[in-house]
Structure formats: structure tokens, C-alpha cells
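Hello,

Here is the structure I promised to pass on to you. Please have a look at it first, and then read my notes underneath.

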Amino acid sequence: MKVLLEELTKVFGPSGNEDRIRAKIIDEIRPYADSITVDKLGNLIATKTGPGEKLMLAAHMDEIGVIVTNADEKGFLRFSNVGGVSPFTLIGQRVFFANGITGVFGMEKIDDIKDLKLNKMFIDIGAKSKEKALEKINIGEMGVYNRQFSDAGDHIISNSLDDRAGCAVLIKVLKELKAPNYNIFVVFTVQEEVGLRGAKTSAYGLEPDLAIAVDVTDTGDTPEASEMAVELGKGPAIKIKDSSVICHPKVKKALIDAAERRNIPFQLEVLEKGGTDTGSIHLTRSGVPSGALSIPTRYIHTPTEMANLNDIEQGIQLLIELIEGRE
Ligand code: CO
Ligand code: ZN
């Protein structure tokens, strides 16, 4: 599991640039899927045929990043965010581009650090002029921040666990499924971080009977954290609500029943801010009963996200029980 997570979190893949992570996931799942297709927007869809209802499982392949908007005469690049990037997480960080160029985030003189905004920051790639800078990195190129994976025993600390942790869960589920009770469509979606976009089109195309997204969620277990019942290491979280969805009772019940049948610990999640692919899937066509299984994660959208390996393993077992188990 750790090896897979480390490999997945290393791969470049900001929203709209999922080709590398998609190729990596295809390599992982090829022997285990009945079919593998890539749709028009780039969502990767793997099937595992079974009797019964069409169940869509989704995890997003993309990660947050930055996008180059301009270069000044001295060769410094200006940039904007791709998804939820706080300027404070960029201080002291490197930025990596698809072509192998590395830069560093710098900032203008600021009297009060509270006034830091992305438009007060720039990327320094060591270029001496606008022309030299744009030869290396063009307008519109996206960058991602530090790739570093730490094995901390039960915990892992890494960039991009959002949502490579969810991708790892669904890769493992595909590998371990033997006799599904559902007709399974595992979708590795594109462009979640910029508005749940790939999930919207893939759900429309697949017309599932029900759906479950797997993504990370916040925790309330650090000093002075926002009020939230979810903790690291207490099991995967079954989502009740976030700002994009109220999960369907039928899917919520299926998740809770599966956990209880196998004595898998779980937590109930109410996330006040933030959404996930479930938000757009459940509003597709005339509606899709949808839920979400969340991996409790601290410091989401920083280069040092922290998750617990047992929560991840138990999430895999919970989904397998839901798909293959009998009441
Ligand atoms: Co995210
Ligand atoms: Zn996510």
C-alpha cells in the first residue's frame, strides 16, 4: 500500500493535465479490469462486470497546482491557482513543471504577512528576461508543489494524498474484487479540484443506478481545529453531508451495513466547507443516489497532507464488503 501511494503521489497531474497519472493507473489496473476506456474529457473508466445495479465508484486523478499567467521583463513568472491553493502554503516551496523545470515561489515586499495574496507572489526559474523565461515555461503551463513522501509508521505524510489516496483505494478494490454483486464502473475522474467537472460528464455517460466517490476529508482532531467529529485513525468516514451534497440514505445505509457486517470501524462525516465528486454525480440526469467514503486527512491542500494507513486499508475492505457481501 505504501509503495503504491508513494508512486501515485509522485506523478505530475494538476487539473486538465492528467495524462501521466492516467497512464500510471492504467498500468496498475490493466490485468484486473474487464475493460478500460478513456472518455472524451479524459476520465479513465474501468469495468468489472457483475449482475445487478450499475455502481459507479469515483476518485479524482487530478491534484491542485498553479498556472502561469504572465512573465515580467526580468524573467519572473506570475501565476494563479488551479484549485484551492493558499499563498501561505507556497512560502519556501519549490514548484515543478511537466517539462522538468524547477522553480521557487517568491514574494514581493509585504509589510503585513496577512496581506499575502497569490498576486503578490511570483515564480523564479532563474531566467534573466521575459523571452528566456517564456522559452522555458510558456503562459498556461501548470506547476505542482514539492513531491515528498514520508513513511511515519501508521501514518504517511505526502503531497497530493487528495486524491491519490482515493485512487489507491479504488485500484486495490479492482485488484481484490472476485464476484461483485453489482455491475462495477470504476471512474478515475479529471478536473475535480476546479469544480467536480469530470465526474459530471462521466456520470452522464454511464447513467449509474448508484454512486460512491472516494476522497479525502478534513479532521477535527488537531489543536484548536474547526469543530468536526472525524479523527485520524478511527476508520474511514461515511459522508453524511458536505457543501456539495446530502448523501442518499440508501447509499449511506449500504456503506454502514457493510462496515457493521465486517466489524470495520467507521466514522460519520459532516464537512461544513468543501465538496467532492459526489456533488456533481448525484445531480446527473434525473438524479443518482450517491454517497462518499472519505479518508480522514490532516492539512489537506498543503504539500504535507497526513493520513492513516489503517483508515485507508479499512476503506478498501468496506467497499469490497459492500460490493461482494451478502446480508
Ligand atoms: Co482537493
Ligand atoms: Zn479531493
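Below is what I found at the metal sites.

Please keep in mind that this is a predicted model.

Let me start with the cobalt ion (ligand 1). Its coordinating atoms come from Asp162 (OD), Glu193 (OE, twice) and His301 (NE2), at 1.8 to 2.5 Å. The angles between these four donor atoms run from 56 to 144°, which makes the arrangement irregular. Along the chain, the donor residues follow the pattern D-x30-E-x107-H. Glu193 sits in the loop between strand S12 (183–189) and helix H5 (197–206), while His301 belongs to the loop between strand S17 (290–298) and strand S18 (305–308), so this pair ties together parts that are 108 residues apart in sequence. Glu193 counts as buried, because its relative accessibility is 12%.

Next comes the zinc ion (ligand 2). Its protein donors are His60 (NE2), Asp162 (OD) and Asp215 (OD, twice), lying 1.9 to 2.5 Å from the ion. This site is irregular too, with angles of 53 to 147° among its four donor atoms, and the spacing of the donors in sequence is H-x101-D-x52-D. Asp162 in helix H4 (residues 161–176) and Asp215 in strand S13 (residues 210–217) are 53 residues apart, and the pair links distant parts of the chain. Asp162 is buried at 7% relative accessibility, and Asp215 is buried at 6%.

How far apart are the two ions, and which residue coordinates both? The distance between the zinc ion and the cobalt ion is 3.3 Å, and the shared residue is Asp162.

Enjoy exploring it, and best wishes!

Definitions and conventions
Residues numbered from 1 in each chain as written. Chains lettered and ligands numbered in written order. Predicted model: local features only at pLDDT ≥ 70, side-chain atom pairs only at ≥ 80, totals over all residues. Heavy atoms only, no water. Donors = N, O, S within 2.8 Å, 3.2 Å for Na, K, Ca; no water. Tetrahedral: all angles 85-135°; square planar, octahedral: opposite > 155°, others 65-115°. Helix = DSSP H or I, 4+ residues; strand = E, 2+ residues; numbered from the N terminus. Buried < 20%, exposed > 50% of the residue type's maximum accessible area, 1.4 Å probe, protein only.
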